[in-house]
Amino acid sequence: MPVVIGFEGSANKIGVGIIRDGEVLSNPRRTYITPPGQGFLPGETAKHHRGVILTVLQEALDEAGLKAADIDCVAYTKGPGMGAPLVTVAIVARTVAQLWGKPLLGVNHCIGHIEMGRLITNAQNPTVLYVSGGNTQVIAYSERRYRIFGETIDIAVGNCLDRLARVIKISNDPSPGYNIEQMAKKGNKYIELPYTVKGMDVSFSGILSYIEDAAHKLLSTGQCTPEDLCFSLQETLFAMLVEITERAMAHCGSQEVLIVGGVGCNLRLQEMMGVMCKERGARLFATDERFCIDNGVMIAQAGWEMFRSGHVTELSDSWITQRWRQLSSSSSELSEPLVT
């Protein structure tokens with residue numbers, strides 16, 4: 001039973017997790033939080049990660065009750081993500097692997113989310129909706145490869161929600177998406193917003209431009225409340241996601257949906273997807289914020305799957321790939337990355 005440690009730091013979360021044969025031994029993390037109305041910049045985010053990553057590493061080892069000698073492999077997020085934070089994590093992972101004399105594995109962040117979701121929920125062969133601050137994709141596993149069936153053609157759903165939070169100055173603590181979700185529960189007036197689905201793909205830039213332009217006027221004239229805006233944006237975005245997920249299910253003949261990624265812990269999204277699944281006689285699988293939001297153990301789990309299949313990353317190949325869109329399987333027969 002190999003023990004794998006995983007380092008994740010592709011955005012504003014820095015996490016280190018340890019897994020052993022499907023058992024989560026530890027999973028501490030830290031979040032870089034900016035003031036309301038502000039996003040997080042790559043350089044400042046990387047500085048935050050550098051300041052806490054060794055502390056989080058020690059916490060992971062202590063929580064698991066392990067020493068360096070007990071670790072069999074070191075996995076890290078190779079991409080996709082923000083350049084400077086990814087480099088910070090890669091350097092630490094490379095250093096740790098060399099100091100401990102352990103093999104190294106560069107992991108696709110997207111695969112980490114999917115494999116962690118499958119482990120926690122026991123979903124067998126789901127159509128996956130991967131939704132986060134930087135990614136929005138509908139993915140299914142076919143012929144030993146993960147294949148992208150639909151995705152955003154511009155910005156990610158999480159980024160769209162975050163931008164609304166900046167416009168109406170919603171707190172980033174613990175996250176803008178979480179605070180929007182809570183405010184949306186109090187909204188009772190639906191504001192019609194642009195709805196753009198193009199075949200299997202979605203576009204969020206139009207709805208974002210509309211709401212950025214209209215928000216001040218709508219709020220200042222009393223036509224709606226901030227809660228109404230949060231409610232309306234969520235309902236519109238999530239309806240688009242449910243539509244393309246259902247279409248992918250029909251294409252694949254799937255009877256399971258797995259939601260992963262930071263936005264995946266939104267209970268309203270799970271509720272709307274659940275209604276669709278019930279109508280199709282399908283099953284919905286989702287996790288909570290411990291495993292939906294970026295974390296180290298999801299990288300450890302994907303690394304564990306790869307390591308037991310005989311894969312390692314040579315030191316000369318242990319760079320980062322900021323826009324790593326390719327997806328490959330983490331089954332016993334890993335295939336080459338597929339670009340769709």
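**Notebook: helices, a packing pair and some annotated residues**

I started with the overall fold: the chain has ten helices and 13 strands. I take both as DSSP runs numbered from the N terminus, helices being H or I over at least four residues and strands E over at least two. The radius of gyration (over C-alpha atoms) is 20 Å, close to the 20 Å of the globule rule for 340 residues, so the chain is as compact as a globular protein of that length. That rule is 2.2 Å times the number of residues to the power 0.38.

Notes on the input: this is a predicted model, where local features need pLDDT of at least 70 and side-chain atom pairs pLDDT 80 or more, while totals for chains, interfaces and linings use all residues. Residues are numbered from 1 along each chain as its sequence is written, and side-chain values use heavy atoms, without hydrogens or water.

I checked burial next: 54% of the 340 residues are buried, meaning under 20% relative accessible area with a 1.4 Å probe, protein chains only. For contacts (heavy atoms within 4.5 Å), I looked at pairs at least 6 apart in sequence, and 75% of these join residues at least 24 apart.

Then I turned to a helix pair. α5 (residues 176–184) and α7 (residues 226–252) pack at about 105 degrees, with axes 8 Å apart. The axes are lines fitted to C-alpha atoms over the stretch in contact, and angles run from 0 to 180 degrees between N-to-C directions. The two helices are therefore roughly perpendicular, a label that covers 65 to 115 degrees. On the α5 side I find Ile180, Glu181, Met183 and Ala184, and they meet Pro226, Glu227, Cys230, Phe231 and Gln234 of α7.

Which of these residues also carries an annotation? UniProt (unreviewed entry) lists Glu181 under "binding site", along with others including Asp162, Gly177 and Asn266; such annotations may be inferred rather than shown by experiment. Glu181 counts as buried at 7% relative accessibility. Beyond four places in sequence, I see Glu181 in contact with Gln234, Cys265, Asn266, Leu267 and Arg268.

I also looked up Asp162, which is in helix α4 (residues 157–167). Leaving out residues up to four places away, Asp162 touches Pro176 and Gly177.

Last entry: is His109, in helix α3 (residues 109–121), buried or exposed? At 3% relative accessibility, His109 counts as buried. Among the residues His109 touches, not counting those up to four places away, I noted Glu8, Thr77, Tyr130 and Asp294.

Definitions and conventions: Parallel < 35°, antiparallel > 145°, perpendicular 65-115°, else oblique. Buried < 20%, exposed > 50% of the residue type's maximum accessible area, 1.4 Å probe, protein only.
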